[in-house]
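This report concerns a protein chain and its ligand. Please examine the sequence and the structure shown here before reading on.

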Amino acid sequence: MDKTLGVAVVGCGTISNMHLNAIKQMKVAKLLFVCDIDVDKARKTAFEYDCKYTDDYKNLICNPNIDIIHILTPHYLHSEMAIEAFNAGKNVVLEKPIGISMKDLKELNKISDKSEPYIAVVLQNRYNPISLYLKKVVESGEYGKLIGTKGIVAWYRSKEYYENSNWRGEWASEGGGVLINQAIHTIDLMQWIGGKVTAVKGHIDNHYHPYIEVEDTALATLYYDNNTVGNFYATNNNGINSSVELEFVFEKATFVQKNEELIKITSGDKSEVVESNCANKGEKGYWGQGHRIYIEDAYNHILNKEKPFITIKEALVANEIVLGIYESSKTNEKYSLNYVE
Ligand SMILES: NC(=O)c1ccc[n+]([C@@H]2O[C@H](COP(=O)([O-])OP(=O)(O)OC[C@H]3O[C@@H](n4cnc5c(N)ncnc54)[C@H](O)[C@@H]3O)[C@@H](O)[C@H]2O)c1
């Protein structure tokens, strides 16, 4: 490939090392800038990763050498920054969630049909071997109809986690709690693998983090268009960050993801391990190791002028389900999803 992509990263916080280490490994790209409103953080990160720095995002979007901007900022800034970069002709790698309100989603949807530049959304757990395996199982129809799903996210977030980044824990800046921040990946897998979700009924609450205004616990029922349901539970109050549990029940077999292994259970309780997310074991493993694979794939798509795997349109679905659960919890009613068009 002749072209080297010029890259900039906005937001030098917790997740930035995952992105920066991945970018440094890309042969097709060169990290040019990092940006943070906290200029000390930007300077320190630039020193570590050997690039320039700025504290003003606007300096990046008018820089002709920058082809791709990674947006790793607080949630409330995602849609605004992504749209601004896109309109300036920059490709974007955007962390989840893409927005915290229906207004954000509608604004993003308006630009989602345009062919170039590209926006790739980081829902990296779709790249987990188990997720890809389950997607193929559904598509093959080999085990009959899907008759139910389950997703459990039991993690722990400390007081320091919320104190260290003041945008977390508030509706206006985080847009919610465990559901929109930690568990959106699992909601995404339940809908991406399980099929179209037409309605949700959910309940959110704060059981253990009195110093934040958003929820630390959420439960929901997802109503699929084939009349089956998905059962979902998420909490930030668990003793440890347990690996995410998933269950997909088909007429002829049940598939259970537990401890990063996928177990197939068939008649007579016969069970075997059929796939594993082995790379997800260890520190921060519960996040999934998809960042590097994800970024590499997104860059290749951008270079080849092809739409990335996870576009705004793809990411809108899980985001809208999350917002639907919040709405349902407010009214205690089932909430029908319209999906932004
Ligand atoms: N995909 C995943 O698995 C995953 C995991 C962790 C975090 N994330 C996402 O990454 C994003 C960042 O999370 P984090 O944990 O790194 O947060 P963080 O608070 O640690 O970092 C955010 C950084 O953005 C900076 N910032 C704020 N406003 C800015 C602005 N206007 N211009 C430039 N910089 C600005 C802050 O100073 C801070 O350094 C969030 O969207 C989060 O949901 C994704």
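A polar contact is a pair of N or O atoms within 3.5 Å. The model discussed here is predicted. Three residues illustrate such pairs with oxygen atoms of the ligand, as listed below.

| Residue | Part of the residue | Distance to a ligand oxygen atom |
|---|---|---|
| Thr 73 | backbone N or O atom | 3.5 Å |
| His 78 | side-chain N or O atom | 3.1 Å |
| Arg 168 | side-chain N or O atom | 2.7 Å |

On its own, the ligand would expose 850 Å², of which 91% is buried by the protein. The largest pocket is where the ligand sits.

The surroundings of the ligand comprise 27 residues. Asp 36, Lys 41, Lys 96, Ser 165 and Arg 168 are the closest of these. By residue class, the shell consists of 11 nonpolar, 11 polar and 5 charged residues.

The position of the ligand can also be described in terms of domains. The protein chain is divided into domain 1 (5–123 + 291–311) and domain 2 (126–273 + 318–336). In the contact between them, 19 residues come from domain 1 and 18 residues from domain 2. The centres of the two domains, taken over C-alpha atoms, are 26 Å apart.

Which domains contribute to the shell around the ligand? Domain 1 and domain 2 each supply at least three residues to that shell. The ligand in the largest pocket is thus described by residues drawn from each of the two domains.

Methods: Residues are numbered from 1 along each chain as its sequence is written. This is a predicted model: local features need pLDDT of at least 70, side-chain atom pairs count only at pLDDT 80 or more; totals for chains, interfaces and linings use all residues. Side-chain values use heavy atoms; hydrogens and water are left out. A residue is near a molecule or strand if one of its heavy atoms lies within 4 Å of it. A polar contact is a pair of N or O atoms within 3.5 Å; within protein, one must be able to donate a hydrogen and the other to accept it, and residues adjacent in sequence count only if both atoms are side-chain atoms. Accessible areas come from the Shrake-Rupley method with a 1.4 Å probe; for residues, only the protein chains shown count as cover. On a 1 Å grid over the protein atoms alone, a cavity is a set of points where a 1.4 Å probe fits but cannot get out, and a pocket is an open set with protein on both sides within 12 Å along at least five of seven lines; lining residues have an atom within 4 Å of a point. A molecule sits in a cavity or pocket if more than half of its atoms lie within 2 Å of its grid points. Ala, Val, Leu, Ile, Met, Phe, Trp, Tyr, Cys and Pro count as nonpolar, Asp, Glu, Lys and Arg as charged, and the others, Gly among them, as polar. Domain bounds come from an automatic or database domain assignment. Contact means heavy atoms within 4.5 Å.
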